[in-house]
Each structure stands twice: as structure tokens, then as C-alpha cells.
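Trainee: Could you take me through one part closely, the spot where two helices pack, and then show me how to read the rest in the light of it? Please define each term as you go.

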Amino acid sequence: MTVPVHLVDDDRDLLRATAQTLQLAGFDTATFASGREAVAALDAEFPGVVVSDIRMPGMDGLELFAQIQRLDAEIPVVLMTGHGDIAMAVKAIQDGVYDFVTKPFATDRLVQSVRRAAEKRALVMENRRLRAAARDVEGDLPLIGQSRAMLRLRDMLRQIADTDVDVLVTGETGSGKEVVATLLHRWSRRSKGHFVALNCGALPEQVIESELFGHEPGAFTGAQKKRIGRIEHSSGGTLFLDEIESMPPESQVRMLRVLEMREVTPLGTNEVRPVDLRVVAAAKVDLGDPAQRGDFREDLYYRLNVVSLAIPPLRERRDDVPLLFGYFAERAAKRFGRDLPQLTAAASRHLREHDWPGNVRELSHFAERVVLGMEPDDGQDAGAVTVAADALPLPERLERLEAEIIRETLRLHGGDVQQSLAALGVPRKTFYDKLQRHGIVRSDYAGKKG
């Protein structure tokens, strides 16, 4: 993503020349002839850097900085100053200005200052995204993650939660289908009603119809009391049908009628009862594919598939693994009354390289075993890293984990850059930026392979 820079200067020639310098350095530069214009184009979500001259008519650079501070104190501001303004610029630094460059300045000096400011702003925005993601954590398997697929999924959930459309959720075992259904319920006006869940694959065929539709006394052998079915019980709330591909064919016919007519007829009676129903169905297979659908009714599939949501498997969003692990480890430590342990080199490698066929649920159990000290150590204690022995915020813990992964990779490859790049799967520039950010000296590992 190209970093946006707002450049402010009342000298149009200097404005044009400086803008060209920043654009050639790869910044998405917008120019403004006054501080008021620049402030009007900013908001607290601005992900970039402001570069401004100090001496300008009307609103000068210091007033502009004060306005930006009120808008968002973490937007970095770089001031361009004349020699006579250095004392003023130093005072501004003490007040929170990110940096100042003295005119006339070498282009590299300005570019490096803006680049460092942009890195700082990116970290601020990432921390905010992580905190926002933490606020979205609900249930035992949180829908957490900052990958593009998960951001899109959360946005879609918020868009459709307060509608009454039926939803079909697909995803592998342990990917969080019930979490999606729960969030759709909690974020909707139906949240005051019941959230009723039924796993269609966990009940015998002779029991599922009674569970879904209810029954009257004497409807079948052993039916001694009236039973309200799950469908009727969920009226006004949400009915979650997990593993719906396992629903018996006879029940599918009856379920199709319930969806079409919004009414239910319990077993053993001809009484028709209206229901205020919203169904969220989940499947482990693609019901749109006839080969995977099997004997699941095509018409029921199309009736359920008003809105379709797909949860990506964890192996397709590996960048979310450290964030999820940090959350699960912290939660497990609180539950078990343990301190967060050191993450061994073996556990760290497992986080990076494992394909997680059990998805988020498997990762959660792995975090619990790590906290309980049940994960084997391969003896590489030199690669151990504190996940969070102290009370650091989650983003800082993730930073520590990333730094240790880089150090361990350099150790394994004797400081060889090409091999380390291949193992980490990151571009060369990203690799060197991370070395600088974490204070890692590559030469410290040269010739020390293993």
C-alpha cells in the first residue's frame, strides 16, 4: 500500500518541487497551499504523514500541528524550517512534532524522515486494528484476524446481521461456523430472542424430527409429554443448523416447507403454528456442487442460500495465526491460573509451518497445551521467546514473537540472507525493515549455522 503524505507550503514552486521528490520516493503525495486546506482533508483514520512549512500566512505550521493534535495526536507531523526557526522547531519536537528538516535540505534527509514517520503511523494503525479486532471477539472461538478475507467476512456480517435473510455458512471443521451464526444473532435485533443450535449430524434419524419440529403426547412410542421443537423455540430469535448436509431426506422435505411457509406442524397434530424464523445453516461441504451435495435436496439448498458466507481455512490466512495464538494463550493462562510460558523453538516452528487441518479449534487446543507445558521441546532452548511473561499489550507480544522468529531463522541459516528470505517468505526490503525495527544485526549470526 502506498503511504499518503499531505504536503503543505504556501510557496507554490517549493510545493511542486518537494511534492515531486516525495512522489519519486514512492509516496502518494497530496499538496495544499494552506494549513486550513490540509486540516479540512484530514481525519483520525488518515494512515499517513503530514509535512508542512512552519512560516505560512494565516495558519502557520505550528497552528496546523496543534489542530492535527486535537484531531489525532498520533498523526506524525514533519516540519520544514529555515535556520532562524530551529529553536522554534526544537520546542515543537518537545511538544510532539515527529521531526523537522532545515531548509535547504538534501532530498534524502526529507525522504528518510517521512519514511520513518510512515512506519510509526503504520504501527499505530495496526495496533488500532488489533484493538478493534479484540472488541469483535465473542464466544469460545473468536472471529479474530486481520487478513483481508476475515476483514471482509466481519464487514459482511455487520451488513446482514440486522436483516432477516437466511444464511448459508460453509467452512471446514473448526473454522468457526457457529461463531459466525452467534455473531449474526448478537448483532441483530433478534438478539433478545433465543439462539437455538442443532447439529444435524449428531442426532439419530429417528430423533431429529422430534428435536426440530416438536411433538404432542402419544405422537410415537415413548412420547409421553408435549415437546416444543427447536424451530418453534427459536421463533423471534435465530435457528442454527450445523452440518445441515447430514439432515435426513424426510426431514429435508419438512424443513423446506417450514422455510417457505414460516410455519411448523409438530408430530402428532394437525395444528399449524406460525414462526418468526431466521435460519443460519452451516455445511462442511459445498452444497452448490452436485458431487459434494449427495442426497441433499437441491431445492432446499437454493432456499437456504439467500446469502452465502465462506470461512477461509486457517492455512489460507497464516498471518492471523500469531494473533489467534496470543489470544488463546492469554485466555488459557487465565483459566488455568498459569503464567504465560516461554514459547520454545519447536512450538514457534509449529505455529509457522503447521497446516492446521482442525483450523481455529486446533490452534486453541495447541495454545492450551503450550500453557500447560505439554508441548515437547526439541532442545533448542536458545530459540525460546517470552510470549508474554509480563503484562505487555498483545501487539507488543506479537512484535516480540516476530523478532524471535527472525532471529531463529537467521540462526538456522547462519545469517545467510537468501536462505532466510526463502524461509520467511518476505521481500528483501521488508526483511531489512524488520531487522532495523527489531534492532537485529544480521552479521551476529554469520557463520553460526544451527
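Mentor: We start with one helix pair, then move to another pair and to the sheets.

This is a predicted model, so local features need pLDDT of at least 70 and side-chain atom pairs count only at pLDDT 80 or more, while totals for chains, interfaces and linings use all residues. Residues are numbered from 1 along each chain as its sequence is written, and side-chain values use heavy atoms, with hydrogens and water left out.

Take an overview. The protein has 18 helices and 14 strands. Both are DSSP runs numbered from the N terminus: helices (H or I) have at least four residues, strands (E) at least two. Of its 450 residues, 47% count as buried. Buried means under 20% relative accessible area, exposed means over 50%, and partly exposed lies in between (1.4 Å probe, protein chains only). Now look at contacts, meaning heavy atoms within 4.5 Å. Among those between residues at least 6 apart in sequence, 69% join residues at least 24 apart.

Here is the close look. Two packed helices are described by the angle between their axes and the distance between the axes. Find helix H8 (residues 205-213) and helix H10 (residues 249-261). They pack at about 15 degrees, with axes 10 Å apart. Axes are lines fitted to C-alpha atoms, for helices over the stretch in contact, and angles run from 0 to 180 degrees between N-to-C directions. H8 and H10 are therefore roughly parallel to each other. The cut-offs are under 35 degrees for roughly parallel, over 145 for roughly antiparallel, 65 to 115 for roughly perpendicular, and oblique for the rest. The crossing of H8 and H10 is left-handed. That means the near helix is turned anticlockwise from the far one by less than a right angle; clockwise would be right-handed.

Which residues meet? From H8 come Glu 205, Ile 208, Glu 209 and Phe 213; from H10 come Glu 250, Ser 251, Arg 254, Met 255 and Val 258. By class, this contact of H8 with H10 has 4 nonpolar, 1 polar and 4 charged residues. Nonpolar covers Ala, Val, Leu, Ile, Met, Phe, Trp, Tyr, Cys and Pro; charged covers Asp, Glu, Lys and Arg; the others, Gly among them, are polar.

Zoom in on Glu 205, which sits in helix H8. Its relative accessibility is 47%, so Glu 205 counts as partly exposed. Leaving out residues up to four places away in sequence, Glu 205 touches Pro 248 and Glu 250. Glu 205 and Pro 248 are 43 residues apart along the chain, yet their C-alpha atoms are separated by 6.3 Å.

Now turn to another helix pair. Helix H13 (residues 321-336) and helix H15 (residues 359-371) have axes that come within 8 Å and cross at roughly 50 degrees. That angle makes H13 oblique to H15. Their crossing is right-handed. Residues in this contact include Leu 324, Phe 325 and Phe 328 of H13, with Leu 363, Phe 366 and Ala 367 among those of H15. The contact of H13 with H15 divides into 14 nonpolar, 1 polar and 3 charged residues.

Next, the sheets. One is an open sheet of 5 strands in the order E7-E8-E11-E6-E12, with parallel pairing. Strands pair if DSSP finds at least two bridges between them. E7 (195-199) and E12 (307-310) stand at the edges with a single partner strand each, so one side of each is left without a neighbour in the sheet. The twist averages 20 degrees from one strand to the next. Strand E6 (residues 167-170) pairs with E12 in the parallel sense over 4 bridges. Val 167 has Val 307 in E12 as its bridge partner. Helix H6 (residues 148-160) lies across E6 and E12, running at about 155 degrees to E12.

Another open sheet of 5 strands has the order E2-E1-E3-E4-E5, again with parallel pairing. Here E2 (28-32) and E5 (99-102) are the edge strands, each with a single partner, so one side of each lacks a neighbour in the sheet. Neighbouring strands are turned by 20 degrees against each other on average, direction ignored. E4 (residues 77-81) runs parallel to E5, joined by 4 bridges. Met 80 has Val 101 in E5 as its bridge partner. Helix H4 (residues 86-95) packs on this sheet, touching E4 and E5, and its direction makes about 165 degrees with that of E5.

End on Ser 52, in strand E3 (residues 49-53). At 0% relative accessibility, Ser 52 counts as buried. Beyond residues up to four places away in sequence, Ser 52 touches Val 8, Gly 61, Leu 64, Val 78, Leu 79 and Met 80.
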